[in-house]
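Colleague: I am new to this structure and would like a close look at a single part of it. Please take me through that part slowly once we have the model in front of us.

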There are 2 protein chains.
Amino acid sequence: MKTICVGFLGCGNIGCGVWKLLSEFGQDILHRAQVKFKIKRILVRDIHKKRDETVPEELLTTDPAQITDDPEIQMVLEFMGGEEPATQYMLRALEMGKTVVTANKMALALNWHILQEAAEKNNCGLYYEAAVCGAIPIIRTTVDSLQSNRIEEMMGIVNGTTNYILTRMSQEGGDYADVLRDAQRLGLAEPDPTSDVEGFDAAYKLSILSSLAFHARVPFDVIYRQGITQVSSADIAYGKELGYTLKLLAIAKRDGGVIDARVHPTFIPNAHPLASVNGSFNAIFLHGHACDDMMLFGRGAGSAPTASAVVSDMLYAVSRDTPRHPTFQNSDKLASGLTVTNDWRCSFYVRLNASDRPGVLAHITACLGQEGISIRNLMQRDAVDGHAQIVMITHDAGECAIRKALAAIDSADVRVESMIRVEAK
Amino acid sequence: MKTICVGFLGCGNIGCGVWKLLSEFGQDILHRAQVKFKIKRILVRDIHKKRDETVPEELLTTDPAQITDDPEIQMVLEFMGGEEPATQYMLRALEMGKTVVTANKMALALNWHILQEAAEKNNCGLYYEAAVCGAIPIIRTTVDSLQSNRIEEMMGIVNGTTNYILTRMSQEGGDYADVLRDAQRLGLAEPDPTSDVEGFDAAYKLSILSSLAFHARVPFDVIYRQGITQVSSADIAYGKELGYTLKLLAIAKRDGGVIDARVHPTFIPNAHPLASVNGSFNAIFLHGHACDDMMLFGRGAGSAPTASAVVSDMLYAVSRDTPRHPTFQNSDKLASGLTVTNDWRCSFYVRLNASDRPGVLAHITACLGQEGISIRNLMQRDAVDGHAQIVMITHDAGECAIRKALAAIDSADVRVESMIRVEAK
């Protein structure tokens with residue numbers, strides 16, 4: 001039987017979840033893995049704050065050094081969120097020779113190279129299953145189970161808040177602002193929802209996942225990012241009629257030395273495995289050259305599911321004699337030998353508001369034809385007040401080509417209302 | 001850089017897949033994991049048989065000892081299938097101190113305890129990701145990522161052949177026998193399909209998965225097993241009308257010391273994540289007390305996907321200083337402290353052929369009421385030749401109760417045509 005002395009950095013929602021899981025399930029873990037996790041010290045901002053779990057007050061401290069610098073503490077769990085001071089505290093813990101387990105996608109995505117360097121230098125473990133998609137074992141799967149594969153593509157619903165909002169908009173036809181307010185009332189969206197609805201959260205996760213999948217650093221700042229704030233219920237409804245479901249997807253594809261990495265609202269066919277991932281669930285769909293299509297689905301957030309991932313990392317760390325690190329050159333720059341393209345190819349959904357006049361459709365098709373874009377589906381609705389809604393889905397085309405075509409289409413007679421990318425495969 | 005000398009037992013579909021993956025992808029693996037797998041010898045039945053891959057004839061042998069007893073060979077990959085002689089050869093390899101990686105669910109399910117004992121005694125690795133659901137990392141997930149969970153339930157589509165047949169029957173309304181013939185013609189079902197269509201294959205996999213999930217041996221012979229040979233397209237169609245999809249599910253549930261483990265055709269709601277797993281894909285849905293719902297989806301068979309799992313096991317084995325074994329008491333008997341019930345609770349779909357006479361429905365409902373079973377949905381179709389089709393779905397009830405009720409219902413006026421279990425949660 002081994003005893004591992006543990007310190008927490010932070011004790012909010014996730015910290016309390018880990019406390020609860022270890023309290024209630026510690027005996028089972030001890031019985032099976034022959035390891036006891038002893039929580040020695042917990043860093044908090046306010047010692048007297050009311051918490052979900054009854055954590056003994058004598059464990060609480062407001063001094064990070066009592067955790068990072070305590071020689072008895074072997075493992076530090078970081079649940080603070082945000083880039084700083086979390087990164088500094090983790091660095092200190094690694095420098096002091098401690099294994100670090102973090103649930104912090106932002107700190108990891110932005111400072112992974114520094115953290116990994118410190119971990120390697122001090123021969124410490126650095127684990128982060130909980131930083132990406134909560135309970136879903138996508139980090140372990142990518143690192144351990146898919147090493148036999150050239151991963152060519154990943155597409156994920158990696159943010160529960162936005163998936164909840166889009167699911168409700170799709171099922172009820174509600175407007176974005178109304179559904180967001182509802183989600184905030186239910187605690188499913190933050191009072192300041194920017195990080196979720198503008199796709200930052202998804203882009204942090206995609207940076208981590210795509211780096212592991214491609215064995216090459218894909219930094220946060222090369223990721224194209226578009227949130228869901230401009231999504232209209234009209235587009236969701238038109239897409240539905242055409243057989244598509246709208247999701248905020250984090251997409252990374254690799255073709256030789258060229259990758260594209262992007263977060264944006266995306267239509268996928270209703271029959272795609274990701275299309276039925278509803279509410280606050282997360283899922284990652286991927287394609288490997290040997291494994292073919294694969295999808296992992298589960299709870300991407302929440303106290304207990306995130307604690308599940310944290311404790312699995314703790315057990316994984318203990319089960320290994322030597323720490324496991326990604327083998328690629330970690331850095332804050334795009335891996336050398338790779339280029340990121342913003343001219344990816346996919347299908348495009350386009351909605352136009354056109355004057356109901358002769359020649360308008362000819363103008364539209366001419367502009368598309370000029371860029372070599374052909375139409376797969378077209379739907380024109382009866383004109384109201386002399387204006388018709390034209391909705392179309394193109395065949396595969398380049399991002400730059402569609403932008404050029406839409407710029408040419410936009411005119412006195414035709415307004416481009418929306419353009420949404422379609423992953424139709 | 002490490003070189004690991006490898007021997008194959010068998011070189012059929014999977015063996016050729018592993019050969020191909022190592023040939024084409026070996027440089028990538030060497031680059032990343034700093035390990036080179038050198039294939040020294042391959043056991044085959046017929047040296048001159050034409051194979052999918054051009055394997056050099058000088059590597060082939062018909063003598064198993066040239067693999068199991070060669071001191072240079074450190075890792076033995078078993079692709080023979082069937083219980084014997086595969087088990088004996090694997091035992092021999094373990095006794096000779098070699099790591100064993102197997103894709104053989106039957107040999108593992110039936111002789112796991114003997115193999116694990118030999119592996120532990122000789123401090124060798126024994127890995128079997130490829131034995132259950134091909135490329136899907138369900139073994140690694142259960143063993144590494146879900147240790148922080150009390151897994152309460154697993155439900156899997158773990159056999160691609162039967163899922164292909166049921167998907168076609170559901171989408172096209174075809175009869176079982178016709179679709180099976182078609183699947184055989186396409187190579188998706190064996191000439192003798194018994195192991196697949198009678199649920200043996202699924203039960204082997206369920207034995208392995210449930211043992212790992214519950215940390216307690218659930219042997220093959222305690223698993224209730226019913227195949228798909230009696231499934232009628234009429235039931236599939238009626239179920240569809242009521243909002244259900246028919247799948248052959250491998251189900252294991254645990255409630256304290258009582259488990260149920262069963263393979264049978266099952267209706268699930270169309271919105272369940274398993275319902276849209278079509279064709280030859282596999283998926284395992286599970287529920288843990290911390291992780292909540294989770295599903296892993298992917299290719300459960302095929303040369304390349306199975307090779308993906310085999311090679312991931314090889315790399316996992318190499319990455320570990322000490323082999324990793326399940327910690328429960330492995331044996332050929334049900335773990336002590338556990339009991340298996342055949343009186344599980346679920347909903348039931350029932351189809352009756354009833355004379356169109358007064359009192360018949362009263363008889364049916366009385367028999368159900370006698371056993372405390374209440375009806376959730378009921379559908380009665382116009383009588384033809386004086387006989388009406390009555391289709392119903394019950395609320396949750398016990399297996400024994402429904403059987404008693406159906407025995408009482410079955411009479412001169414009412415024929416019980418079919419009973420199919422429904423997992424409605």
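How many bridges join strand β12 of chain A to β12(B), and do the two run parallel or antiparallel?

Modeller: Please keep in mind that this is a predicted model. Strand β12 of chain A, which covers residues 292-299, is joined to β12(B) by 5 bridges, and the two strands run antiparallel. To find one such pairing by eye, start from G298(A), whose bridge partner in β12(B) is M294(B).

This pairing can be set beside the wider contact of the two chains, to which chain B brings 44 residues and chain A likewise brings 44 residues. On the side of chain B that touches chain A, at least two residues each are supplied by α1 (13-33), α5 (138-145), β12 (292-299) and α11 (303-319), and it is α11(B) that gives the largest share, with 9 residues. Sorted by class, the residues on this side of chain B are 20 nonpolar, 14 polar and 10 charged.

For the setting within the chain, the domain assignment of chain A gives domain 1 as 2-127, domain 2 as 138-299 together with 334-340, and domain 3 as 345-422. The C-alpha centres of domain 1 of chain A and domain 2 of chain A lie 28 Å apart, and the contact between these domains takes 5 residues from domain 1 of chain A and 5 residues from domain 2 of chain A. On the side of domain 1 of chain A that touches domain 2 of chain A, there are 4 nonpolar residues, no polar ones and 1 charged residue.

Key
Residues numbered from 1 in each chain as written. Chains lettered and ligands numbered in written order. Predicted model: local features only at pLDDT ≥ 70, side-chain atom pairs only at ≥ 80, totals over all residues. Domains from an automatic or database assignment. Contact = placed C-beta atoms within 7 Å. Nonpolar A, V, L, I, M, F, W, Y, C, P; charged D, E, K, R; others polar. Helix = DSSP H or I, 4+ residues; strand = E, 2+ residues; numbered from the N terminus. Pairing = 2+ DSSP bridges.
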